[in-house]
Amino acid sequence: MAAAQNQTAVQTQAVQAATAAQAKPEALASDPRSADKVRSGKKQPSGRPPVKPGTFSRMMKYMFHFYKWRLVIVLICLAVSGLSGVIASVFLQTLVDTAITPGLTKGLQAVYPQLLSIIGTMIAVYAAGVIASNIYTQIMATVTQGTLKHMRDDMFDRMETLPIRYFDQHLTGDIMSTYTNDTDAIRQMIGQSLPMIYQTGLSVIAIVISMLKFSVWMTIGVAFFMYVMSRISKTFAGRSASGMVDQQKSLAAEEGFVQEIMNGQKVVQVFNHEEAAKADFRTFNQKLFEDSDRANRAGFMLMPILGNVGNIMYIALAILGGFLVTLKAPNLTLTGIDTVTIGVIVSFLAMTRQLAQSIGQASMQVSMIALGLAGVSRVFELMDQKPEEDDGYVELVNAGYDKDGTIHETDHLTGKWAWKHPHHDGTLTYTPQQGDVRMFNVDFGYVPNKLVLHDITLYAKPGQKIAFVGATGAGKTTITNLINRFYDIPDGKIRYDGINIRKIKKPDLRRSLGVVLQDVNLFTGTVMDNIRYGRLNATDEECIAAAKLANADDFITRLPDGYDTFLTGNGAQLSQGQRQLISIARAAVADPPVMILDEATSSIDTRTEALVQKGMDNLMKGRTVFVIAHRLSTVRNADAIMVLDHGRIIERGSHDELIAQKGVYYQLYTGAFELE
Amino acid sequence: MIKTLAKSLREYKRESILSPLLVSGEVIMEVIIPFLMAKLIDHMGERSIQPVVYYGVWLLVISFISLFFGAAAAAESSKASCGLAKNLRQDIFDRVQTYSFHDINRFSEASLVTRMTTDVTNVQNAFAMLVRGAFRAPLMIIFSVVMAISINGKMSLIFLVMIPILGIIIFGIAIKTHPIFVRIFKRYDAMNNGVQENIQGMRVVKSFVREDYEKDKFHKESEEVRHDFTHVEKILAFNTPSMQACVFASITLISYIGARLIISTKGSALTTGELSSLINYGVQILVAIMMLSFIFVLCMIAEESAERIAEVLSYDATITSPENGLTQVADGRVDFDHVSFKYSDRSKKYALSDVSLHIPSGSTLGIIGGTGSSKSSLVQLISRLYDVSEGSVSVGGEDVRKYNLTVLRDQVACVLQKNVLFSGTISENLRWGDPDATDEEIRHACELAQADSFIQEFPDKYQTMIAQGGTNVSGGQKQRLCIARALLKKPKILILDDSTSAVDTKTDALIRKAFREEIPDTTKIIIAQRVSSVQDADNIIVMDGGRIVEQGTHEELLAKHGIYREVYDSQTRSAQQDETETQTGAQNQEERNA
């Protein structure tokens, strides 16, 4: 009877699982950028670690922290609802023994009060059960989704504080999987599996106690079957689980193959390679079929086998009961020795059936809980990541100038900025922000013992344009990573306006640096939103002016909705060059004194670049600029060009000086060298 | 739609039919069990143990049969559903192989991958449920009702009332929540998409110090997701108590009426055992209804996926090989006759307008033009990667649409701008050009493409593994490998679409020299950004806005002082100037020294 309620739970859970299957968005299913630029060399899919010990109790604490009283009510209601099911199976015996059997001899009138009282109790108990179920399911909907929200928010908040190193070392797909697959698994566990396991546990205890009250012999029989069933579950669940692992692997292999072929579909056609590709696919597909069949087969078979073994147990106990009744065997119970009645058998059988079903359902939940706990473990792991350290105390403030030229702090925009520098002796000094960046003998490696930069020294005076040239992996981007403190180096080696950058608060430091990167990232939203990202309080006019500066206005106004064109998928509807132009406009709106342009115009063809160049020149006017460029025409007019090779500056000077040197730069410039 | 998908069952038809049959067998056994059980219970307490043993043995036999049926049905359904999924994936893949670029762009690569994975999985799950449950649940309801009626017709009326009530509640909830789920999963996707953008753009977020802004944005979205999901889950949560209420109400009613009936008729109209059986049938019926609603929901979910799959399977490729197409390409002549081309019928703008061009066999054509000037579109028409919108393109004097597609593409080798190498060894990749190429031939092709020298430097030489996406070779190396791969086809026409951009000028010149000397009869079409890559071509065209705006040899074009000259100057002038400046500077120095 209470089996019905288990079945219900399974049903809703399956519905949710099924609907969740829809959730996999297209964009996530095939993350084209998961092969992100590998900067630190080690960026591998995390070998999903086992569940950390203590995860369960930590999750409980987490949930109780937010929903203490609601969870207490849920636990009570779950118990009431579960026990009402157990009690229900005893009613039949009471009905048979106290009403029907005596009624057969005494007549209906004599037992009518008893009958009514039993039915009345039944209604009361059932009503309590239904009400309790209703209450706990409603509360759990709130608690489950609420907990997920708290987890998501905590995870995201922590993620925002993590150093860039974390993102360089983890695949986007892996981090995303915590937000999608893991939270889905947690929802399953909190919302369905845990309540069910808790309820089943209570029911099993209650059932076993009442069984013992009815008959010890028969309980021993039940125990035997329970053992058999648990062995069966273990075997099949194990087989299914190992199949699942193989299935996941061959699915990943097949997806990889499909991605690769689809990606190169044009090449496939150009080479008439279609038939060969089909044949290759067949191999992957057959493997996937075999593995998934193995996984599914074991999983599918478990339920009918358990169900039918449950039937067999039921029948075997009926026969055993029949013998006990017929033989009038002494019945050992918890309360003493008596004889077995038919009512006892009927109730016992009902309880047996319920027990079998409860355990069957619970066994299905075990894998869900394993999956959910692994998910929670990963969520906590993300929450436990160490945030980016920031011991800076120098702040960037609006500066006002007194008549005598001294600087004071103001709270309104003056267009001038100053570094507010508190000293140990309690005094405050203000340094005007100018954009003077110096590096002294900088050595750096992303991993210990493997230096990427060797002995880099450079001075960028306010308003100067410094260019970096060199092959991929020469360390150009690494230098810029150090300037904005995406990665930190030991004290005092990099100074900004004479201040050790480690003393500057990271947000203030970064606000004073504008960055345009080679891999353009645009966000879902309008073109205007994307430009405004540079300065959130910029007016539309300021954004448009910035776009004009970057020479982006022309193409933006030709888009279907102009500045209100809605961009999705990292601006998928725009060309790479157009996206670069928007990101230049975004940096222009921020109006920082120092700019870092990392291959900002690499995807713009030479003719267009000539047009953008004017805008770029405007943008760079009066600022200190670091330029990384592949194309040498971009860096020609730099004040100083650094040629990097394997982390060392091998040549430095102006374009003319380097050409005169006839060194590496000269060779690059005349095209005698491959740059890639 | 269902017909299209059903075609993919093929060799798994047997399992798909067998599984529901076996399930039906299991259901019949399961229905008989409570019936016989009632008999067994009723014979308990009698003096003789024989009836108990008799019914007991029968029951055991039946449950073992049921066990067998159930297990076999599960195994068959697994095979049927996995098999269907396998065939669907293969069919989609095979279909996509026939698609033209236009067709693939129409669906988008990402969407095709999703259809092959997530969508097929959804259909597979629904199908597995269907073969096991679609018969099981209705049969269970019918048999249980029949058995209940056979025990006591009047009392089974209770079920006939309960079935529609529960059915309406459960199906009502499913129907009500499904569209909400569809809607809020979109919102959920959007939230996760936002997270993904945030992770990928973390450098931008941190550079602009937008962490707090992003947090606020995310909190708002996650709150909306929480709100919506809580709402829909609360509706869904009524499933459990309503199911319980129906079950409990049935049991209570049966118990009350049954007890009265047994007592008043002294057990002649109904026995204790039969009462217990009735209750069991009741529970079975209600569980079966739950199952039906579950299948219903799964099918609703799978419907969208099934439609998306059927769309791919029933979509006919726009470019197909003609029947009895020409199998011989006379020579490497290429003619464009008033060709206009646009990427889709709906687009207003033509990518190419009224292009006419004659390329003699064995000559070299250079193409120069800015991004978006449709250089690539022009050459892709030659191997029918796209078909013209107006006019015609001929190869060897015949319209390309008359050739057998495989033959045409074998003779027109194209090194695409978007170069792709596949995971596998270098020689495996090169054999795409010619599966039967000998090691000697491969090496020769690589020598022409100036790739042999760097391949020899790899420890595994031609057996070096190329990583997915070709990330372990440099851009210039990749381009040279792709050229070698195309050369192995020994084509009549060779097209290089900006294929030497990452190669240094010296090597670039060597490659062109090799072309001139080793494959003089092959027509060579070279698209380039660098003027130096095309300046020695027999004919050079300059494209702008989908038209040929200048045409001639290097010298002729320089004399025209048009775009070509402009590009040429922008690429060379500065370098020359610098050179002359430094030279004069050095001379002055020398003079002074002297």
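# Reading helix pairs, contacts and burial

Guide: Let's start with a helix pair: α4(A) and α6(A) run roughly antiparallel to each other. As a rule for such angles, under 35 degrees counts as roughly parallel, over 145 as roughly antiparallel, 65 to 115 as roughly perpendicular, and the rest as oblique. The model is predicted, with pLDDT of at least 70 needed for local features and 80 or more for side-chain atom pairs, while totals for chains, interfaces and linings use all residues. Residues are numbered from 1 along each chain as its sequence is written, and chains are lettered from A and ligands numbered from 1 in the order in which they are written.

Visitor: At what angle do the axes of helix α4 and helix α6 of chain A cross?

Guide: An axis is a line fitted to C-alpha atoms, for helices over the stretch in contact, and angles between N-to-C directions run from 0 to 180 degrees. Helices and strands themselves are DSSP runs numbered from the N terminus (H or I over at least four residues for a helix, E over at least two for a strand). Here, the axes of α4 (residues 108-161) and α6 (residues 172-214) of chain A come within 10 Å and cross at roughly 150°.

Visitor: Is the crossing of α4(A) past α6(A) left-handed or right-handed?

Guide: The call is left-handed if the near helix is turned anticlockwise from the far one by less than a right angle, and right-handed if clockwise. For α4(A) passing α6(A), the crossing is right-handed.

Visitor: Which residues in α4(A) and α6(A) meet?

Guide: Two residues are in contact if their C-beta atoms, placed from the backbone, lie within 7 Å. On the α4(A) side you will find M140(A), T144(A), T147(A), L148(A), M151(A), R152(A) and M155(A), and they meet T178(A), Y179(A), T183(A), I186(A), R187(A), I190(A), G191(A) and P195(A) in α6(A). By class, this contact has eight nonpolar, five polar and two charged residues. Ala, Val, Leu, Ile, Met, Phe, Trp, Tyr, Cys and Pro count as nonpolar, Asp, Glu, Lys and Arg as charged, and the others, Gly among them, as polar. When you look at such spacings, recall that an α-helix has 3.6 residues a turn, so residues three or four places apart point the same way.

Visitor: How many residues of chain A are in contact with chain B?

Guide: The contact joins 143 residues of chain A with 143 residues of chain B. Helix α9 (residues 274-327) of chain A gives the most to the chain A side, with 27 residues. That side of chain A divides into 72 nonpolar, 47 polar and 24 charged residues.

Visitor: Into which domains is chain A divided?

Guide: Domain bounds come from an automatic or database domain assignment. Chain A has domain 1 (51-215 + 366-386), domain 2 (395-432) and domain 3 (437-669). The C-alpha centres of domain 2 and domain 3 of chain A lie 28 Å apart. Their contact takes five residues from domain 2 of chain A and seven residues from domain 3 of chain A. On the domain 2 side, β3 (395-401) and β5 (417-422) of chain A are the elements that give two or more residues.

Visitor: Does Y403(B) count as buried or exposed, and why?

Guide: A residue is buried if 20 or more other C-beta atoms, placed from the backbone, lie within 10 Å of its own, exposed if 12 or fewer, and partly exposed in between. Y403(B) counts as buried because it has 26 C-beta neighbours inside 10 Å. Y403(B) sits in the loop between β5 (398-399) and α12 (405-411) of chain B. Not counting residues up to four places away in sequence, Y403(B) touches G325(B), L326(B), V329(B), E398(B) and L408(B).

Visitor: How many residues of helix α11 of chain A are buried?

Guide: Helix α11 (residues 476-483) of chain A is mostly covered, with eight of its eight residues buried. After α11(A) comes R485(A), with a positive phi near 60°.

Visitor: Which phi does D455(A) have?

Guide: D455(A) has a positive phi of about 50°, although it is not a glycine. D455(A) belongs to strand β8 (residues 453-460) of chain A, and with 13 C-beta neighbours inside 10 Å it counts as partly exposed. In chain B, H338(B) has a positive phi of about 45° and is not a glycine. H338(B) lies in strand β1 (residues 334-341) of chain B, and its 12 C-beta neighbours inside 10 Å make it count as exposed.
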